Every structure is written in C-alpha cells, then in structure tokens.
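Here's a friendly walk through a structure you may not have met before. Have a look around first, then read on.

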Amino acid sequence: MEDPLPPTETVPSSHNSNDHHFPSKSSSQGTRKSFAVFGGIFLLSLICLALLWHSFPNIEPQDKAVFKLPKNIEDAKSLGEVLNRYKEKYLYQVFAGFFITYIFLQSFAIPGSIFLSILSGFLFSFPVALFTVCTCSALGATCCYLLSLLAGKPLLMKYFPERVSDWTKHVDKHRDSLLNYIIFLRITPFLPNWFINLASPVIGVPLKQFFLGTFLGVAPPSFVAIQAGTTLHQLSSSGDAFSWTSVILLGIFALLSLIPVIFKGRLSRKFD
C-alpha cells in the first residue's frame, strides 16, 4: 500500500478582516496628489498677491507696518485709517487690493474676512460695501468649490468621511429646494463655511445654486458687519459688531429663507 498523502496545509489568505483599517496605496497617492495641487495653487496665488503689492502706489515708511491682514479689531482700525488716506488719491488701487485679498482669504478658507467686511463699511459707501463683500464671498467660495472639485475629494473622504456622509443625507432631503437650503446655511452657524465650500462639489451641489445661495446668504451677516464698520473707531473687538439685535435679525432672515421650502412642501402634500 502506498503511504497516505500528508494533510494539505492551509495557505493563509492575503486578505484579513483588519485590512480595511489601512489606507490603500491608491488612496494615499490621491491624498498626496491633492495636497500637491492645493499647495501649487496656493503658492501661485501668493505670487499674484506679491505682484499686487508691488504694483501698489509708493507707501510711506511709517505706514508699511500697518499693511498686513488684520488679525484683530485694532489691526483693522490702523489699516482703515491708512487706507482711508490712500483712498482719496488711489481709490481704484485700494478697491482692487481689497477685492483680491478678500477673494484670496475666501478661496483658501483663511480666517480674517470678518475684519475686511467691517473695514469695507469704513472705507466705502454702504451699498458699494455690501455688494462688494457679497460678490467677493461668492467668488472666493466658488474658487474653493472649484479647487475641491479638482482635488478635494480624497482629502475630505480621508479626514471627514462621517461628516460628508451626514451632510449628503441632509442635502438629498433638500434637493428640490437646494437654493434656499444653501442660503439658510450661509446665514446660520450650523456648518462652517469652509466645509460647505469644500464638500459641495463632492456631494453634488450644482455650482449655480451654490454661487447664488452664497451671494444671497452672506448678505444678512455682511449687513451687520458693514454697519458696524461705519463706527469702526468705537469697536473694541470683532464681537462688538454682533449685538443681540443683530443676532435676532439674522434669525429672522434665516426663517424667511425657509418660508418657500415650507410652502412648497405643503403644496406638494396638498396635490399628492
């Protein structure tokens, strides 16, 4: 008799239950590529800002220290005083500098745009300031939207997967009234603006509704900030721009943005 064959050895599987805890190679490459794209565009934008700075009129030596992004209300006051002097002679250059800087901050979600909104109320007439701030906010948010569309998905899905999934469900519930929903989110503080900008293209928010919703939605809080800017010298902090009255007004604007949604829902239930 032939000897029985030895028992076959079980070859361990190359896949196990813990594999999903480790990022795939393609995922890591996508993340690195996204960082590279964002970094390259950011550096290019910084070069454009540097060129803008060099094209600005000759600045007095004592004023150069003031020309920086305001980090607090005192910086905004000092910058406002200097820009107000230069504005009398170089109105278009001051306006262009304000416009481009605001868009830059919004595009890369850099804090400080609240101080520029306040500053606009000090430098320009109220209608010009409000339209400019709304336009800059919408354009800057759109730049951020397009950057995310280009290379943002890997970063969002790596660092904020649950948050993206949760907001996707909310957006899906409001697909029929997406414009009003975006307006509501811009007025209220429920979601940070940087997340709305980055996540919108990933979860399928159309650019048209995104831009228009941003333009209209930032108007009420900008109204408050610009109004405060008319009394810039009396402010001691950025928090002084928002009183209980302004908070109540923002709440009213937020509720008004929901009225079309409520009526649309009632009408659809009535005719169903």
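A residue is called buried here when its relative accessible area is under 20%, exposed when that area is over 50%, and partly exposed in between. With that in hand, take helix α11: it's mostly covered, with 8 of its 11 residues buried.

## How far to trust the picture

Keep in mind that this is a predicted model. The chain averages a pLDDT of 81, and 77% of the residues score at least 70. Confidence isn't spread evenly: helix α10 has the highest mean, at 96, while helix α12 (residues 244-271) has the lowest, at 60.

Then there's the start of the chain. Over residues 1-23 the pLDDT stays under 50, and the model gives that stretch 2 contacts beyond four places in sequence.

## The covered helices, α10 and α11

Back to α11 for a moment. Its buried residues are P220, P221, S222, V224, A225, I226, A228 and G229.

Helix α10 spans residues 207-217, and its buried residues are F210, G213, T214 and G217. Looking down the axis of α10, you'd see these buried residues fall within an arc of 100°, so they line one face of the helix. What do they pack against? The buried residues of α10 pack against α5 (126-151), α8 (178-187), α9 (193-199) and α11 (219-229).

## Aromatic pairs

Rings meet rings in quite a few places: a search of the whole structure turns up 17 aromatic pairs. One of them joins W53 and F67, whose ring centres are 5.7 Å apart. Pairs with planes over 60 degrees apart count as edge-to-face, and the planes of W53 and F67 are at 65°, so this pair is edge-to-face. W53 sits in helix α1 (residues 25-55) and F67 in the loop between α1 and α2 (73-87), so the pair ties together parts that are 14 residues apart in sequence. As for cover, W53 is partly exposed at a relative accessible area of 38%, whereas F67 is buried at 18%.

Another pair is made by F98 and Y102, and this one is tilted: 5.9 Å from centre to centre, with 50° between the planes. Both residues belong to helix α3 (residues 91-107), 4 residues apart, which is about one turn of the helix. F98 is buried, with a relative accessibility of 5%, and Y102 is buried as well, at 3%. They're also part of a wider group, as F95, F98, F99, Y102 and F124 form one aromatic cluster.

## A charge over a ring

Which residue has its charged end over the ring of F195? That's R163, whose charged end sits 5.0 Å from the centre of the F195 ring.

## Around helix α3

F98 turns up again in the contacts of S120, a residue of helix α4 (residues 113-123). S120 is buried, with a relative accessible area of 0%. Leaving aside residues up to four places away in sequence, S120 touches F98, A129, V133 and I226. I226, you may recall, is among the buried residues of α11.

Helix α3 also holds G97, which is buried at 15% relative accessibility. The C-alpha atoms of G97 and F56 are separated by 8.3 Å, although the two residues are 41 residues apart along the chain.

In the loop between α3 and α4 you'll find A109. Most residues other than glycine have a negative phi. A109 has a positive phi, near 55°. This alanine is partly exposed, at 41% relative accessibility.

## Two cysteines, no bridge

A disulfide is a covalent bond between the sulfur atoms of two cysteines. How many disulfides does a search of the whole structure find? The count is 0.

C143 and C144 show how that plays out. C143 is in no disulfide, and the nearest cysteine sulfur, that of C144, is 8.7 Å away. To count as a disulfide, the sulfur atoms would have to be within 2.5 Å. C144 is in no disulfide either, its nearest cysteine sulfur being that of C143. Are these two buried or partly exposed? C143 counts as partly exposed, at 33% relative accessibility, while C144 is buried, at 4%.

Conventions:
Residues numbered from 1 in each chain as written. Predicted model: local features only at pLDDT ≥ 70, side-chain atom pairs only at ≥ 80, totals over all residues. Heavy atoms only, no water. Phe/Tyr/Trp six-rings, centres within 6.5 Å; stacked < 30°, edge-to-face > 60°. Helix = DSSP H or I, 4+ residues; strand = E, 2+ residues; numbered from the N terminus. Buried < 20%, exposed > 50% of the residue type's maximum accessible area, 1.4 Å probe, protein only. Lys NZ or Arg CZ within 6 Å of the ring centre and 35° of its normal. Arc of directions from axis to C-beta. Contact = heavy atoms within 4.5 Å. pLDDT = per-residue confidence, 0-100.
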